[in-house]
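Trainee: Got a minute to go through this one with me? I'd like to start with how the helices pack.

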Amino acid sequence: MHNFGALLSRLAEAGLEFVIVGGYAAVSHGSSYVTKDVDICLVFSEENVAKLRVALRDLNPQHRMAPQRLSFLDVPPPGTPLQNLYLRTDWGIVDILSSVLGVGDFSRLKERAETVEVDGRRFALISLDDLIRAKEAMGREKDLLTAKELRAIAAKRAL
Amino acid sequence: MFLPVTPHEKLQALEAARVAGIDLEMLETNLTLSVKERWAQHDAALDFAEKLVAAKKAADAQLWRVAESAR
């Protein structure tokens, strides 16, 4: 069972500051597409990696790109510099990024992020403008189609 | 400028989406939902899609076994 909302809440409860990006951000803005993962962007400080481990400790987090499915709880050792993490958990896939192509890093995203409230918890969501920028920078067919959908959402929001 | 701003740009954006096959009525419905509802709707759709994929795999495996035993 997927429960990306609960996964995001778990990360927020752990004190992590992040911006929701990618396909799930598109869903949050109103997209009809279905995505298999939730992407977030944060600063990969040692403190944040430790918080990630605490937040995901009972969700069996594994490096999904590694053939041996190594546990994120053990690998990499604390202090290892990280750029991105691609994890499979019991509640779904979470990809954790240090920056978003075409837009920038966490601080740049945060600057223009929208705030959405779910169950009394506030989440930073990549702005529609930045998400379109990111999707167009990715340039894949599916991303360009999502960008078109997001532009339509922007047009409808403003009508 | 990435977001459509002028009325003309908005109409262009809607037309481009329609031509691309995007269901604009569905978008309107989504926009009436809260973010929490959008998340719940999405996660249920993903669960269902994965159940369908698993069911198709199981059915294919069954067919394969029947075909093999008939040889």
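Trainee: How do α2(A) and α3(B) lie relative to each other?

Mentor: They are oblique to each other, because their angle is about 125° and oblique is what remains outside under 35 degrees (roughly parallel), over 145 (roughly antiparallel) and 65 to 115 (roughly perpendicular). This is a predicted model, where local features need pLDDT of at least 70, side-chain atom pairs count only at pLDDT 80 or more, and totals for chains, interfaces and linings use all residues. Residues are numbered from 1 along each chain as written, chains are lettered from A in the order written, and side-chain values use heavy atoms, without hydrogens and water.

Trainee: How far apart are the axes?

Mentor: The axes of α2(A), residues 22-29, and α3(B), residues 35-70, are 8 Å apart.

Trainee: Which residues meet there?

Mentor: Tyr24(A), Val27(A), Ser28(A) and His29(A) meet a set in α3(B) that includes Arg38(B), Trp39(B) and Asp43(B); contact is heavy atoms within 4.5 Å. By class, that's four nonpolar, three polar and two charged residues.

Trainee: Switching to pockets: how much space lies in the largest pocket?

Mentor: About 700 Å³. Its lining has 29 residues, with Gly22(A), Asp39(A), Lys135(A), Arg140(A) and Asp143(A) nearest the centre. They divide into 14 nonpolar, seven polar and eight charged.

Trainee: And what's the volume of the second largest pocket?

Mentor: About 200 Å³. Among its 13 lining residues, Asn3(A), Gly5(A), Ala6(A), Lys36(B) and Trp39(B) lie nearest the centre. α1 (4-13) of chain A and α3 of chain B each give two or more residues to that lining.

Definitions and conventions: Axes fitted to C-alpha atoms, helices over the stretch in contact; angles between N-to-C directions. Helix = DSSP H or I, 4+ residues; strand = E, 2+ residues; numbered from the N terminus. Nonpolar A, V, L, I, M, F, W, Y, C, P; charged D, E, K, R; others polar. 1 Å grid on protein atoms, 1.4 Å probe; cavity = no way out; pocket = protein on both sides within 12 Å on 5 of 7 lines; lining within 4 Å. Points joined across faces, edges and corners; volume = space filled by probe spheres on them.
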